[in-house]
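User: Please take a close look at one part of this model, and set out carefully what can be said about a few of its residues.

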Amino acid sequence: MTRILPILLFMLVFQAAFTQQFSDMSSLINFAQTGRNHGLSVGDFNNDGHDDIYVSRREGKNKLFVNQGDFDFVEMSSEYGIDYEGDTNCSLWWDYDNDGDLDLYLGNKFENTVLYRNDGDVFTDVTEENNASTYGNLRSLNAADIDNDGDLDLYIAFAARQNVLLLNEGDDGFSDVLEERGIDDKGSSMGAVFMDYNQDGWIDLYQTRDGNQGNLLYLNTGDGFFEDKSEESRAGLKGMGMGVDVGYINDDEWPDLYVTNLYENFLLLNNG
């Protein structure tokens with residue numbers, strides 16, 4: 001007993017020393033928001049070194065919490081002109097025009113999507129002039145440079161219509177190139193994520209789908225053209241697919257996938 005007690009005490013001290021502690025700061029920083037909040041995006045839109053938070057809401061105005069530092073956030077969506085009031089499922093910070101600051105795209109449910117350009121002191125709605133508007137039961141937004149031309153392109157997933165791939169044409173705006181680039185999903189799409197799953201320097205796409213339709217893995221074959229590799233890669237699992245994220249679970253060079261379902265989730269380990 002005299003030998004066991006010191007060991008137990010050491011184990012308790014060791015566990016306490018390496019247990020990460022979290023504190024709920026929501027009320028303290030005026031972030032404890034009620035209502036039908038549906039998503040958020042984090043990004044330093046004003047380039048002050050502090051990450052800001054944009055909250056997408058299903059009713060009432062969306063909210064922008066500007067980070068003042070030292071756990072001090074101020075809601076300023078009206079001041080910046082992005083207090084959109086409607087039914088927003090998700091939003092995305094991205095620098096679509098390559099001018100060094102983050103712009104904002106709103107994914108709305110059965111309302112036209114909105115592209116806001118960051119003009120410094122205010123955001124400007126530039127949706128129509130960039131041909132960036134689409135409509136439907138929008139579920140997720142993802143941006144990546146699929147053709148390695150230096151511009152971010154946009155993939156939009158819908159639950160009940162064909163998805164949209166907006167190719168960034170620079171000053172000429174966007175063009176929907178989904179089918180001509182080899183992505184033909186017409187199922188009930190939910191989450192999606194870009195990644196270079198085979199490490200060849202070209203961004204690939206993974207799409208989750210609801211209703212046991214089978215998830216999809218699209219390989220970028222170069223210049224932004226895709227081939228369906230779902231079955232041969234064994235990544236086309238069926239379920240009630242919801243969200244998906246990518247990470248390096250076992251610290252090798254191959255990106256792995258974690259997929260959430262309405263029932264059992266699954267982890268796809270990339271074996272190269």
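Analyst: What follows is a description of one strand residue and of two loop residues. The model is predicted, so local features are given only where pLDDT is at least 70 and side-chain atom pairs count only at pLDDT 80 or more, while totals for chains, interfaces and linings use all residues. Residues are numbered from 1 along each chain as its sequence is written, and side-chain values use heavy atoms, with hydrogens and water left out.

Asn67 lies in strand β3, strands being DSSP runs of E of at least two residues, numbered from the N terminus. At 11% relative accessibility Asn67 counts as buried, where buried means under 20% relative accessible area, exposed over 50% and partly exposed in between, with a 1.4 Å probe and protein chains only. A polar atom of the Asn67 side chain lies 2.9 Å from the backbone oxygen of Asp51. When neighbours within four places in sequence are left aside, Asn67 is in contact with Asp48, His50, Asp51, Asp52, Asp72 and Phe73, contact meaning heavy atoms within 4.5 Å.

Strand β3 (63-67) is followed through a loop by β4 (73-75), and Asp70 has its place in that loop. The phi of Asp70 is near 55°, a positive value in a residue other than glycine, and Asp70 counts as exposed because its relative accessibility is 79%.

Asn98 is placed in the loop between β5 (88-94) and β6 (103-108). Its phi is near 55°, again positive in a residue other than glycine, and with a relative accessibility of 43% Asn98 counts as partly exposed.

Notes: Helix = DSSP H or I, 4+ residues; strand = E, 2+ residues; numbered from the N terminus. Polar contact = N/O pair within 3.5 Å; in protein donor to acceptor, adjacent residues only side chain to side chain.
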